[in-house]
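Subject: Structure handover and notes

Dear colleague,

I am passing on the structure we spoke about, together with my notes on it. Could you read the notes against the coordinates and tell me where you would word something otherwise?

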Amino acid sequence: MAMLQLAKHAREMNVIHRPAMLYKRIVKELPRILMIYDIDMPIPEVKQKIRSSFYEHAHVKDPRVTEMLVAQGYFNLETTMLQHKQKAHLMHYLEGYMISGEGDRKRLPPDASIDDQFARNM
């Protein structure tokens with residue numbers, strides 16, 4: 001798999017704490033990303049979401065796994081900056097998975113007939 005320039009540059013850097021550098025780089029690019037994708041969320045809220053995703057992997061101690069996660073983070077940052085992602089992808093990351101209208105659908109019991117299924121969809 002070919003690496004993009006940011007991930008390659010991050011791998012070549014001699015930094016002791018690479019996840020912190022990745023976090024700083026992401027936070028630095030946040031205003032630009034929110035403007036490019038026309039996302040109307042306050043920057044502190046987005047920072048909190050990014051910080052929480054970093055804390056999800058705080059228990060990882062293996063340097064190989066940490067290296068892989070940092071490279072993946074740089075790859076995601078660069079593909080976002082190059083607009084290879086769509087707005088829906090970022091909203092899925094920032095707000096979670098949501099299907100509009102999913103909450104107001106009625107569930108059918110297991111013994112429902114096919115007529116009940118058709119009646120529900122009309």
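The notes below go from the overall make-up to one helix, its core and its loops.

Please keep in mind that this is a predicted model, in which local features need pLDDT of at least 70 and side-chain atom pairs count only at pLDDT 80 or more, while totals for chains, interfaces and linings use all residues. Residues are numbered from 1 along each chain as its sequence is written, and side-chain values use heavy atoms, with hydrogens and water left out.

The protein has six helices and zero strands, where helices (H or I, at least four residues) and strands (E, at least two) are DSSP runs numbered from the N terminus. Of its 122 residues, 25% count as buried, with buried meaning under 20% relative accessible area, exposed over 50% and partly exposed in between (1.4 Å probe, protein chains only). The accessible surface comes to about 9,300 Å², and 57% of it belongs to carbon and sulfur atoms; these areas come from the Shrake-Rupley method with a 1.4 Å probe, and for residues only the protein chains shown count as cover. Among contacts (heavy atoms within 4.5 Å) with a separation of 6 or more, 70% join residues 24 or more positions apart.

Most of my notes concern helix α2. This helix covers residues 18–36, and its 19 residues reach 26 Å from first C-alpha to last, close to the 27 Å expected at 1.5 Å a residue, the expected span being 1.5 Å times one less than the number of residues. It nevertheless bends by about 45° at Leu 30, with Pro 31 following within four residues; the bend is the angle between axes fitted to the seven residues ending at a position and the seven starting there. The buried residues of α2 include Leu 22, Ile 26, Leu 30, Ile 33 and Leu 34, but also the charged-type names Arg 18 and Glu 29.

The largest nonpolar core, a set of buried Ala, Val, Leu, Ile, Met, Phe, Trp, Tyr and Cys residues joined through side-chain atoms within 4.5 Å, has 17 residues, of which Ile 33, Ile 39, Met 41 and Val 46 touch the most other members. Helices α2, α3 (43–56), α4 (63–81) and α5 (87–95) each supply at least two residues of this core, and α2 gives the most, with five. Leaving aside neighbours within four places in sequence, Ile 33 is in contact with Leu 77, Thr 80, Met 81 and Leu 90. Arg 32, also in α2, is partly exposed at 46% relative accessibility, and its C-alpha lies 8.4 Å from that of Met 81, 49 residues away in sequence.

A search of the whole structure finds one aromatic pair. The ring centres of Tyr 23 and Phe 54 are 5.5 Å apart and their planes stand at 80°, so the pair is edge-to-face; rings of Phe, Tyr and Trp (its six-membered ring) pair if their centres lie within 6.5 Å, and planes under 30 degrees apart count as stacked, over 60 as edge-to-face and the rest as tilted. The pair links α2 to α3 across 31 residues, and Phe 54 is partly exposed at 25%.

Two loop residues deserve a check. Asp 38, between α2 and α3, has a positive phi near 55° although it is not glycine, and is exposed at 57%. Gln 83, between α4 and α5, likewise has a positive phi, of about 60°.

With best wishes
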